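User: Got a minute to go through this one with me? I'd like to know where the labels come from.

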Amino acid sequence: MSKKAIILGEKESFLVRVLVGKVAAQEIECKYVPFDVDDINANWEGSDVIVLYMDDGCRPDKDVLHFLVDKVEETNLQMIVIGEKIDVGFICDNVPVGVIYKSMVRPINNDEFVETVQEIFKKTEEGEFKKSILIVDDDPSYLGLVREWLREKYKVSMASSGLQAIKWLGKNKADLILLDHEMPVTSGPQVLEMLRSEEDTKNIPVMFLTGKSDKESVMSVVALKPEGYFLKTISKGELIDKLDEFFMVQK
């Protein structure tokens, strides 16, 4: 896995060059990028860690900050914010919760900074920052297929029955459940009812998977008011696009 970090700042100061060197010494590609939308956009691809460094009160302007937040949320990256206490506080107060992985007040401990960067890469490799999707379906072949489709971009878990899903959710968290509508023993609607009746699971978004495309079947699915539904004939590309869109709207 190639590793890349970018350090954003008003200017390439001595301290910025020190941080770039510290990160590069860990065999991580690292470069300085100025507070400029075009420059940030041009250097974003392939990056895993974004460091926002503020020298002597030099904060990014509102357009740059807005663009930066959108990019971090869109690509699900992790951001470290460094600066004077007042500047760090300003950034933390003006970006959504979850955008910043860690904030550090100057003067910072370089070893702590490097450890934080390494920690982010380790968690990224383990899939910790990916959205978690639980697929519930009694067909093992279909379960495996959808898992293979989604595993590169999402953290995917599987359950072959509704009861197994309920048991799994007792110990784990999911950002979305893809639930087969037509299952034996405990059907999709029954599983949804159980999820909605429990405090810990009632707010987890649920999308149904159905093999039936006739109007009556689709209307019966929609009547249960899930967050959405997919026909099982959906293609890999279309499914990923729709899930990406769903998570973007959720933010």
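User: Why is Asp180 called buried?

Analyst: This is a predicted model, and in it Asp180 has a relative accessible area of 1%. Buried means under 20%, so Asp180 gets that label. Its place is in strand β8, residues 176-180.

User: What is Asp180 in contact with, leaving aside neighbours within four places in sequence?

Analyst: Val136, Asp137, Asp138, Gly188, Phe208, Leu209 and Lys232. Contact here takes heavy atoms within 4.5 Å.

User: How do you know that the side chain of Asp180 makes a polar contact with the backbone nitrogen of Glu182?

Analyst: That nitrogen lies 3.3 Å from a polar atom of the Asp180 side chain. The limit for a polar contact is 3.5 Å, so the pair falls within it.

User: Now the helices. What makes α1 and α5 oblique to each other?

Analyst: Helix α1 (residues 14-24) and helix α5 (residues 110-125) have axes that cross at roughly 50° and come within 10 Å. Under 35 degrees would count as roughly parallel, and 65 to 115 as roughly perpendicular. Roughly 50° fits neither class, so the pair is oblique. The crossing is right-handed.

User: Which residues meet where α1 packs on α5?

Analyst: From α1 there are Val18, Leu19, Lys22 and Val23, and from α5 Asn110, Phe113, Val114 and Val117. By class that comes to six nonpolar, one polar and one charged.

User: Then why are α2 and α3 called roughly parallel?

Analyst: Their axes cross at roughly 20°, and angles under 35 degrees count as roughly parallel, so that is the label for α2 and α3. The axes come within 10 Å, with α3 covering residues 62-75. Here too the handedness is stated: α2 passes α3 in a right-handed crossing.

User: What meets what between α2 and α3?

Analyst: α2 brings Val37, Ile40, Asn41 and Trp44, while α3 brings Asp63, Val64, Phe67, Leu68, Lys71, Val72 and Thr75. Sorted by class, the contact has seven nonpolar, two polar and two charged residues.

User: Val37 is on that list. Why is Val37 called partly exposed?

Analyst: Its relative accessible area is 27%. Buried needs under 20% and exposed needs over 50%, so Val37 lands in between. Val37 belongs to helix α2, residues 37-44.

User: How far apart are the C-alpha atoms of Val37 and Asp63?

Analyst: They are separated by 8.1 Å, with their positions 26 residues apart along the chain. Apart from neighbours within four places in sequence, Val37 touches Asp63, Val64 and Phe67.

User: What describes the packing of α6 and α10?

Analyst: An angle of about 65° and axes 10 Å apart, for helix α6 (residues 140-150) and helix α10 (residues 236-250). The crossing is right-handed. Val146, Trp149 and Leu150 of α6 make the contact with Lys236, Leu239, Ile240 and Leu243 of α10. Those residues divide into six nonpolar, no polar and one charged.

User: On to the loops. What makes Glu27 exposed?

Analyst: Glu27 has 73% relative accessibility, and the cut-off for exposed is over 50%, so Glu27 passes. Glu27 sits in the loop between α1 and β2 (29-34). Its phi is positive, about 60°, although Glu27 is not a glycine.

User: And why does Asp56 count as exposed?

Analyst: Asp56 reaches 59% relative accessibility, against the cut-off of over 50%, so exposed is the right word. Asp56 also has a positive phi, near 50°, without being a glycine. You'll find Asp56 in the loop between β3 (49-53) and α3.

User: Is Gly127 buried or exposed?

Analyst: Buried: 9% relative accessibility is below the 20% limit. Gly127 is in the loop between α5 and β6 (132-136). Its C-alpha atom is 9.7 Å from that of Val156, 29 residues away along the chain.

User: What kind of peptide bond joins Arg106 and Pro107?

Analyst: A cis one, with omega about -5°. Pro107 lies in the loop between β5 (100-105) and α5.

User: Last one: how many helices and strands does the chain have?

Analyst: Ten helices and ten strands. Buried residues make up 45% of the 251 residues, and the C-alpha trace spans about 65 × 35 × 30 Å along its principal axes.

Methods: Residues numbered from 1 in each chain as written. Predicted model: local features only at pLDDT ≥ 70, side-chain atom pairs only at ≥ 80, totals over all residues. Heavy atoms only, no water. Helix = DSSP H or I, 4+ residues; strand = E, 2+ residues; numbered from the N terminus. Buried < 20%, exposed > 50% of the residue type's maximum accessible area, 1.4 Å probe, protein only. Polar contact = N/O pair within 3.5 Å; in protein donor to acceptor, adjacent residues only side chain to side chain. Axes fitted to C-alpha atoms, helices over the stretch in contact; angles between N-to-C directions. Parallel < 35°, antiparallel > 145°, perpendicular 65-115°, else oblique. Left-handed = near helix turned anticlockwise from the far one by under 90°. Nonpolar A, V, L, I, M, F, W, Y, C, P; charged D, E, K, R; others polar.
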